[in-house]
Amino acid sequence: MSIIRVAAATLMSMALVATSATSFAQSANTAGNQENEYYWPGANYDPSVPTAKDVLGYSSGQRITTHGDMMRYMETLAAKVPGKMRIMKYGQSWEGRDLIYIAISSQENIARLDSFKANMKALSDPRVTSDADAAALINDMPASTWLAYSIHGNEISSTDAAMMTAYHLLAARGDDRVPDILGKSVVFINPLQNPDGRDRFIHRFRTAKGLEADSDPASAEHNEPWPSGRTNHYMFDMNRDFISLTQPETQGHVKALLDWYPLVYVDLHEMGGNSTYYFAPEAIPFNPHLAKDQRDSLFLFGKTNAKWFDKFGFEYFTRDVYDAFYPGYGASWPAYYGAVAMTYEQASSRGLVYRRYDGTELPYAKTVRQHFTTSMGTAETTAANRQALLQNFFNYQKTAIAEGRADRTNRSYIFPAARDKAANRKLASVLTEQGIEVSRSTADFRACGTNYGAGSYIVDTAQPRKRMIRTLLDPQVDMEAGFVAEQERRRVKNIDHDIYDVTAWSLPVMYNVEMDICGRAVDVASADVETGRIGPGSVTSTAASVAYLVPWGDMAAGRFLASALRTGLNVKIIDEGFTLGGRAYSAGTVILDVAKNPDNVGEMIADLSRETGAEVVGIDNSWVDAGMDLGSRAVNQLPAPKVAMLWDSPTSQYAAGNTRFVIERQIGYPVTVIRTSNFNRARLDRYQVLIMPSSFGNYASALGGPGAKKLDAWVKNGGVLIGTGTALRYLSDEKVNLLSIRRENQVRGDGSDKKKKAEGNTVDGQLITSLDEMKSLIEPADERPDSVPGAFAAASVDKDHWLASGVSESLNVLIRGSDIYTPSKLNTGTNVAWFKGADEVLASGYLWEENRKQLAFKPFVVVENRGAGMVIGFTQDPTVRAYLDGLNLIFTNAIFHGAAQARPLR
């Protein structure tokens, strides 16, 4: 939902114009099959170009097309019309399905597609392309549209619309827009961003479908089992992943976008079946790093779409629900390299037909047709404004660089990288992967009164990605004051707020790395940072005679530990810090004794260090200068633990998938997932660690009384039970009591939370003397705190506890929902991390005032021993979207250090 910044002079001299409703001529020859007539009345198509029915045996919109059939159809089109279409692969999904996009244009444009790519790269950097050279390029080259479909696998109409759009562009002879589109632009189509989720949905739909399609929303074919097809293999909502790039589907997509820099980007979605159709302009709040003239450009595309919807009698809405504040949407991210980026939302049939609340029926074919209509309208508008859009793109880069050079507050972002080198390395790579120029100093330097060492990372805003830099790195991005005031007014009246997603996403905050902002350019010798999230690692000696030490304190060490255990090495962990050979080592340091490991342990460790990026120190003398010895009671043996996790309803599919991903793909350790329906029959004695992710329902309904007793017995026998987020509602329930903490009601501070409850059929009368008094009296007595859409809270850490080994003294936690818990009592457990005081707790974003005050000094992480085992509770989910890298180490500690601390029978 983003737009191109355009200089005022450019807008005056090169105005963008919406095309008229009569811009295409109706062909005299309207003969054609029924399928084509439905999608574009009066169409006349080239019979040599195959329809979907010719290739797949069914017309567009008659069935829901699988990934395999989509590929077959696109490959057939490319073979039939090779001069106008090219297929390009940009990756594979987790389940091995090819990810592709196609380019469609005139034969001349396709023949010089490589030149087009080079020219777009030239326009993307005015530091190497002069105004005169840019003008020459703009005068001659095509514009470009990128249409991205089905990032949510169960939003089904868009992939079939993509196929119809490709067919129409290649075969239509009754639509005068098509020659203009092909001659003046390149249309890129990504027909299916989430093939794993889509095929999952289609399999379930076909399994549930009976003799004929059922329109009843209550029917099985409209209600997916867990997990839904919305998400990918690891159950990520990939439409939130574009700034963190955790998934291969989004990583490859972003790389492809940076290859071509499409001028216009649309992400086509679906929404509830009782709605109509949404297209831009978007709702407020706007991200402040999108300029007003950028936002205004969206009206151009909206008016063209509205023209066609009016012609065909389709209903639509704009400027409501879908905002452009969070930059991690697929339809937001391209704005920050200079594109016009938009979301389109189609009411979903979630099958072949859907019965709406008003009794009308929504057929699948209509949903495909409406997405096809806006796809063509978008390409039409791009072509009609070719020169202006290209000029605007070039101007966007120029003004970004100029703003960066003139900025005396946020000119340079400096990452000292003295603490948590692995997180700094990964962050630098993630920024580079998004087209941001990052350098690393090769010498010590001083900037804005502070000394920095060699190896610091530097981001200078005097570059084309300046607005992306500000959006991703600024600790705070504010919503408009008027919008915030309106949300507070609504909240007072118990009306839902309009904040669509999280209010904070600063990458340095999420990674919990140190960052300084300097108002001047940094003058130091430096090298450009290349992509590569994991460093090379280091080993001081592969021939140590006593042991190898892995200093604890970042996820390079965490990955090493997981890999060492999987490899079968003998591993120990020390719970307290020590000094050896003049170097201080933190609690949590990993010890691998030479005598207890294979003869080639040095070579094995060197290989693991290279793979994980960990630092390893070989020692020939175990004498400790200070602290606990390497054979003391502070050292615990760590056999490779078997880790299990609850799976299936009522577990949140997002939490389950994100947690599994963090453990398997970021830490590098296997997890056994156990369906909740099978839990009471499972042999828990095979596992040392069990994780209960956040849930959408209550675990009590799935586990029942026997499940609670089974968990209690397993923990007491030495199991480590880890609960995250809303799973703590079950663990802390007084009937379960696996944690002694309790969820709090809202504290109002005005005495209304202490009102006497009514008894019997009548209550004592009372006089109400003011509106304020009435408002106080109508507040519920036992209401939960208001739900927070997403803000970062700062938490302090008890560094004396083993769970905090190597962890920073302060953590940043994403707060979502309404759960706030009482602290654990000293005689029951330990509050290892707790939220800071009310004046310090807000780290980034927007937090309701009552929540801010009540959250202060409440626990984030608690540990309660229970028999030979323990229960560890995270009151907020530390693995949300797998983008909270700053919490990965304490979560790793919970799994592995927890297993080392427990005392089951071996």
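The exercises below work through parts of a predicted model, each with a task and a stepwise solution.

**Exercise 1. The disulfide**

Task: Find which residue is joined to Cys448 by a disulfide, and decide whether each partner is buried or exposed or in between.

Solution. Step 1: Begin with the sulfur atoms, where Cys448 is joined to Cys518 with an S to S distance of 1.9 Å; since a disulfide is a pair of cysteine sulfur atoms within 2.5 Å, this pair qualifies, and by that rule the count for the structure comes to one disulfide. Step 2: Turn to the geometry, in which the link of Cys448 and Cys518 is right-handed, with 70 degrees about the S-S bond. Step 3: Locate the partners along the chain, where Cys448 lies in the loop between strand E14 (445-447) and strand E15 (450-452), while Cys518 belongs to strand E17 (residues 516-518), so that distant parts of the chain, 70 residues apart, are linked. Step 4: Compare the accessibilities with the cut-offs, namely under 20% for buried and over 50% for exposed; Cys448, at 31%, is therefore partly exposed, and Cys518, at 3%, is buried.

**Exercise 2. An aromatic pair**

Task: Describe how the rings of Tyr261 and Tyr337 are arranged, and state where in the chain the two residues lie.

Solution. Step 1: Recall that a pair of aromatic rings is described by the distance of the centres and the angle of the planes. Step 2: By the rule for ring pairs the structure has 47 aromatic pairs, and one of them is formed by Tyr261 and Tyr337, whose centres are 5.4 Å apart and whose planes make an angle of 70 degrees. Step 3: Because planes over 60 degrees apart count as edge-to-face, the pair of Tyr261 and Tyr337 is edge-to-face. Step 4: Tyr261 is in the loop between helix H11 (248-260) and strand E5 (264-271), and Tyr337 is in the loop between strand E8 (323-324) and strand E9 (340-347), with these positions 76 residues apart in the chain. Step 5: Both residues can be placed on the accessibility scale, for Tyr261 is buried with a relative accessible area of 9%, and Tyr337 is buried at 0%.

**Exercise 3. Salt bridges and their surroundings**

Task: For the salt bridges of Glu437 with Arg127, Glu380 with Lys307 and Lys466 with Glu403, work out which parts of the chain are linked.

Solution. Step 1: Among the 50 salt bridges of the structure, take first Glu437 and Arg127, whose closest N and O atoms are 2.3 Å apart. Glu437 is in the loop between H15 and strand E13 (439-441), and Arg127 is in the loop between helix H6 (113-123) and helix H7 (131-140), 310 residues apart; Glu437 is partly exposed at 38%, and Arg127 is partly exposed at 35%. Step 2: Next, the side chains of Glu380 and Lys307 meet with an N to O distance of 2.8 Å. Because Glu380 lies in helix H13 (residues 364-384) and Lys307 in helix H12 (residues 292-312), this pair ties together parts that are 73 residues apart in sequence, and both Glu380 and Lys307 are buried. Step 3: Finally, Lys466 and Glu403 form a salt bridge of 3.0 Å, N to O, which links helix H16 (residues 466-473) with helix H14 (residues 386-406) across 63 residues. Here Lys466 is buried at 8%, whereas Glu403 is partly exposed at 25%.

**Exercise 4. Backbone details**

Task: Identify which residue precedes Pro227 and which precedes Pro285 at a cis peptide bond, and say where Ala417 and Ala882 lie.

Solution. Step 1: A cis peptide bond joins Trp226 and Pro227, with omega about -10 degrees, and Pro227 is placed in the loop between helix H10 (195-208) and H11. Step 2: The peptide bond from Ile284 to Pro285 is also cis, with omega near 10 degrees, and Pro285 is found in strand E7 (residues 283-286). Step 3: Ala417 has a positive phi, near 60 degrees, and is located in the loop between strand E12 (412-415) and helix H15 (421-433), where Ala417 is buried at 9%. Step 4: Ala882 has a positive phi near 55 degrees, lies in the loop between strand E37 (869-874) and helix H26 (888-901), and is buried at 3%.

Key: Residues numbered from 1 in each chain as written. Predicted model: local features only at pLDDT ≥ 70, side-chain atom pairs only at ≥ 80, totals over all residues. Heavy atoms only, no water. Helix = DSSP H or I, 4+ residues; strand = E, 2+ residues; numbered from the N terminus. Buried < 20%, exposed > 50% of the residue type's maximum accessible area, 1.4 Å probe, protein only. Phe/Tyr/Trp six-rings, centres within 6.5 Å; stacked < 30°, edge-to-face > 60°. Salt bridge = Lys/Arg side-chain N within 4 Å of Asp/Glu carboxyl O.
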